[in-house]
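Welcome, and please get your viewer ready. We will go through one protein stop by stop, with something to select at each.

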Amino acid sequence: ARGCAERAREVRRGRRAVIIAVQTMLKPLLAAGIEPDFVTSLDYNTVSTRFFENLEESGTIQRVHLVAQPTANWNVLDVFDGTMSLTGNEFASKLLSDAFPERATLKGGATVAHLSFYLAEYLGCDPIILTGQDLGFVDGLYYKPGTAIHETWGVELGRFNTLETKEWERIVRS
């Protein structure tokens, strides 16, 4: 997370806010003209790659720094064309404890929302304001309309398999 801390110092010089986006919101934010400072990723599923593909169509990512957990699908790291940091991994740290000195690490999250919160804490952000959290499956939707997963599901949609059905299946599985 050393690169992450350097990016945070750079961001905070002369700024009043740090914007951390979860992976599903990166494209919608860029499309709205908002370039976040950080984006978080941790999902092992290959569909996560879709959140980072063709970003140039949505906007620029020149200053966006990816913070990923080791659980993130490796394709995300290949597709993302910006700077990035990986969070600590307890198992790897134990294996390499003799070779590398222990240092402060960013706590891993159970969801990208948790990881984003832990990143804000790690960066020393105060106050921390969370917006757009969809943890309650608002309006029966798992994801905000227009996210990359909806594009992925597009080829499967039809008369008997609607976007609402796909959303409901995702919610029930969770």
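Here is a tour from the whole chain to single residues.

**The whole chain**

Begin with a cartoon of everything, and keep in mind that this is a predicted model. Coloured by secondary structure, the protein shows 7 helices and 4 strands. Following the chain from its start, you meet them in the pattern α-β-α-β-β-α-β-α-α-α-α. Now switch on the surface: the accessible area of the protein is about 10,800 Å², and carbon and sulfur atoms hold 53% of this area. Of the 174 residues, 36% count as buried. If you like contact maps, draw one here: among contacts with a separation of 6 or more, 60% join residues 24 or more positions apart.

**The sheet**

Next, hide the helices and keep the strands. What is the strand order of the sheet? It runs β1-β2-β3-β4, in an open sheet of 4 strands with parallel pairing. Select 20-22 and 83-86 to see the edge strands, β1 and β4, each of which pairs on one side only. Averaged over the sheet, neighbouring strands are turned by 25 degrees against each other, with direction ignored.

Now go through the pairs one at a time:

- β1 and β2 (residues 38-41) pair in the parallel sense over 3 bridges. Show A21 as sticks and you will find V39 of β2 opposite.
- β2 and β3 also run parallel, joined by 4 bridges. Here V39 stands opposite L66 of β3.
- β3 and β4 are parallel too, with 4 bridges between them. L66 has M84 of β4 opposite.

Stay with that last pair and bring back α3: the chain goes from β3 through α3 to β4 in a right-handed β-α-β crossover.

**Strand β2**

Zoom in on β2 and show its side chains. Are its faces covered or open? Both are covered: F38 and T40 are buried on one side, V39 and S41 on the other. To reach β2 from β1, the chain passes through helix α2 (residues 26-31), and this β-α-β crossover is right-handed. For one more cross-strand pair, select I20, which stands opposite F38 in β2.

**Helix α5**

Select residues 112-122, which form helix α5, and pick out S116 within it. S116 counts as buried because its relative accessibility is 8%, under the 20% cut-off. Which residues does S116 touch, not counting those up to four places away in sequence? They are I20, A21, V22 and T40, so you can keep the β1 and β2 side chains from the earlier stops on screen. Widen the selection to the rest of α5: its buried residues are V112, A113, L115, S116, Y118, L119 and A120. A general point helps when reading such a list: an α-helix has 3.6 residues a turn, so residues three or four places apart point the same way.

Step past the end of α5 to G124, where phi is positive, near 80 degrees. A little further on, check the backbone from D126 to P127: this peptide bond is cis, with omega near 5 degrees. P127 itself belongs to the loop between α5 and α6 (148-153).

**N73, between β3 and α3**

Now move to N73, in the loop that links β3 (65-68) to α3 (74-79). Is N73 buried or exposed? With a relative accessibility of 7%, N73 counts as buried. Draw a distance from the side chain of N73 to the backbone nitrogen of N75, and you should read 2.8 Å. Leaving out neighbours within four places in sequence, the contacts of N73 are D43, Y44, N45, T46 and T49.

**N54, between β2 and β3**

The last stop is N54, in the loop between β2 and β3. What sets its backbone apart is phi, which is near 50 degrees, a positive value in a residue other than glycine. N54 is partly exposed, with a relative accessible area of 42%. To finish, select N54 together with F80: the two are 26 residues apart along the chain, and their C-alpha atoms are separated by 9.3 Å.

Note on methods. Residues numbered from 1 in each chain as written. Predicted model: local features only at pLDDT ≥ 70, side-chain atom pairs only at ≥ 80, totals over all residues. Heavy atoms only, no water. Helix = DSSP H or I, 4+ residues; strand = E, 2+ residues; numbered from the N terminus. Buried < 20%, exposed > 50% of the residue type's maximum accessible area, 1.4 Å probe, protein only. Contact = heavy atoms within 4.5 Å. Areas by Shrake-Rupley, 256 points an atom, 1.4 Å probe, with all protein chains shown as cover. Pairing = 2+ DSSP bridges. Axes fitted to C-alpha atoms, helices over the stretch in contact; angles between N-to-C directions. Polar contact = N/O pair within 3.5 Å; in protein donor to acceptor, adjacent residues only side chain to side chain. Right-handed = clockwise from strand over helix to strand, strands pointing away.
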